[in-house]
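Hi,

Here is the structure I promised to pass on. Have a look at it first, and then read my notes below.

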Amino acid sequence: MITELQPRLTNHFAELIKANKLSHAYLLAGPAGVGKKELALWVAQGIFCLHSQDGAPCRQCNNCQRIAQHEFSDVVEIAPDGNTIKVDQIRFLKAEFTKSGFEGRKKIFIIEDAEKMTANAANSLLKFLEEPSGDVSAFLLTQNANLMLPTIISRCQVFELTALAFESRLEALTAQNVPTARAHILASLTDSLEQGLALAEDESFNELLVDIWDWFKFIMNNDLRAFVNVSTQLKRHFTDKKRQAEILDLIVLLTRDVMLLKFDEQTQVAFMAHQDELVAFANKLNTKRVCQAVELVLAARKLQAVNVSFQNILETLTLELTSCYHE
Ligand SMILES: [Zn+2]
């Protein structure tokens with residue numbers, strides 16, 4: 001829920017809606033999963049809700065539901081068509097707002113990935129922002145405000161949306177019925193609540209969690225079956241670049257857990273279900289080895305980014321980690 005994800009901003013916008021003081025244009029900037037789109041839709045609901053309370057939408061009424069389903073004619077959404085937002089899309093937007101019958105009514109438009117506007121599209125939008133026809137509020141969403149025309153940014157009120165802190169992510173995940181142990185891993189793995197929830201429901205990811213722990217246990221036990229395990233167990237998870245990156249991120253978390261526990265920091269341990277085994281292991285190691293292990297995984301992650309065979313990367317890492325921890 002966006003009110004949990006961005007409580008400060010939903011409160012702020014509710015007050016603006018209540019006082020009827022929304023600006024013409026907002027730029028909502030921030031990484032994926034922080035709720036940019038949800039916030040824009042929530043504001044739109046707040047404006048058109050039939051039972052709004054102090055500017056906050058009920059999210060139940062006909063208008064709220066139609067907005068949530070992207071079927072409300074006074075809320076127009078635009079997203080990249082392919083890799084760019086083209087000038088025709090902005091023209092379509094303008095046409096929507098100058099249609100007869102809409103005059104005098106409040107209108108909202110939302111542009112996703114606004115940094116992907118072509119120069120023509122951006123200029124066309126700029127004219128519209130300078131001379132809006134009627135009562136319009138625009139929400140431009142972007143992950144990368146640096147790529148946007150300064151002239152557009154200067155027309156907008158800018159809000160930076162930041163990710164939730166670890167504790168809040170944890171709370172939000174468990175509130176969505178993600179088991180505590182898994183929530184700890186997901187909240188550590190990604191600062192995007194959206195991505196965390198998607199992974200929580202991904203069966204193959206849950207199988208990966210079991211397999212990666214088996215693999216790490218071999219390493220902790222100085223058991224070279226860890227090496228064989230890469231091709232017999234883990235390999236089935238090498239489905240694509242994204243999953244491969246997640247595998248390395250999980251290994252970063254495992255080595256980081258060992259480090260955190262070595263320093264007696266228990267609050268942010270990801271693999272909390274295995275905390276006792278990790279503590280016993282950490283206690284046997286010296287601090288230098290513990291830190292070196294994290295560096296080894298970070299180096300492997302760089303290699304993964306440049307298209308080296310993933311099986312090679314993981315087999316090499318297996319040998320390096322085993323000797324780092326045990327020699
Ligand atoms: Zn409503």
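Before the notes, one definition: two residues are in contact when they have heavy atoms within 4.5 Å of each other. Also keep in mind that this is a predicted model.

With that in hand, let's start with Thr322, which sits in helix α16 (residues 310–326). Is Thr322 buried or exposed? Buried means under 20% relative accessible area, and Thr322 counts as buried because its relative accessibility is 5%. What does Thr322 touch, if we skip its neighbours within four places in sequence? The residues in contact with Thr322 are then Ile219, Asn222, Leu224 and Glu327.

Next, the sheet. As general background, the strands of a sheet pair through backbone hydrogen bonds, either parallel or antiparallel. Here you'll find an open sheet of 5 strands with parallel pairing, and the order is β2-β3-β4-β1-β5. At the edges are β2 (75–78) and β5 (157–160), each of which pairs on one side only. If you ignore direction, neighbouring strands are turned by 15° against each other on average. Zoom in on strand β1 (residues 25–29) and you'll see that it runs parallel to β5, with 4 bridges joining the two. Leu28, for instance, has Phe159 in β5 as its bridge partner. Helix α6 (residues 119–130) packs on this sheet and touches β1, β3 (107–111) and β4 (136–142). The direction of α6 makes about 155° with that of β3.

Now over to helix α8 (residues 166–175). Its buried residues are Phe166, Arg169, Leu170, Ala172 and Leu173. These cover an arc of only 165° around the axis, so they lie on the same side of α8. They pack against α9 and α10 (193–200). On the face turned away from that buried side, α8 carries the exposed residues Glu171 and Ala175. After α8 comes Asn177, with a positive phi near 70°.

Finally, how do helix α9 (residues 180–189) and helix α13 (residues 241–262) cross? Their axes come within 10 Å and cross at roughly 110°, which means that α9 is roughly perpendicular to α13. From α9, Ile185, Ser188 and Leu189 meet Glu246, Asp249, Leu250, Leu253 and Arg256 in α13. Sorted by class, this contact has 4 nonpolar, 1 polar and 3 charged residues.

Happy exploring!

Note on methods:
Residues are numbered from 1 along each chain as its sequence is written. This is a predicted model: local features need pLDDT of at least 70, side-chain atom pairs count only at pLDDT 80 or more; totals for chains, interfaces and linings use all residues. Side-chain values use heavy atoms; hydrogens and water are left out. Axes are lines fitted to C-alpha atoms, for helices over the stretch in contact, and angles run from 0 to 180 degrees between N-to-C directions. Angles under 35 degrees count as roughly parallel, over 145 as roughly antiparallel, 65 to 115 as roughly perpendicular and the rest as oblique. Ala, Val, Leu, Ile, Met, Phe, Trp, Tyr, Cys and Pro count as nonpolar, Asp, Glu, Lys and Arg as charged, and the others, Gly among them, as polar. Buried means under 20% relative accessible area, exposed over 50%, partly exposed in between (1.4 Å probe, protein chains only). The arc is that of the directions from the helix axis to the C-beta atoms. Two strands pair if DSSP finds at least two bridges between them.
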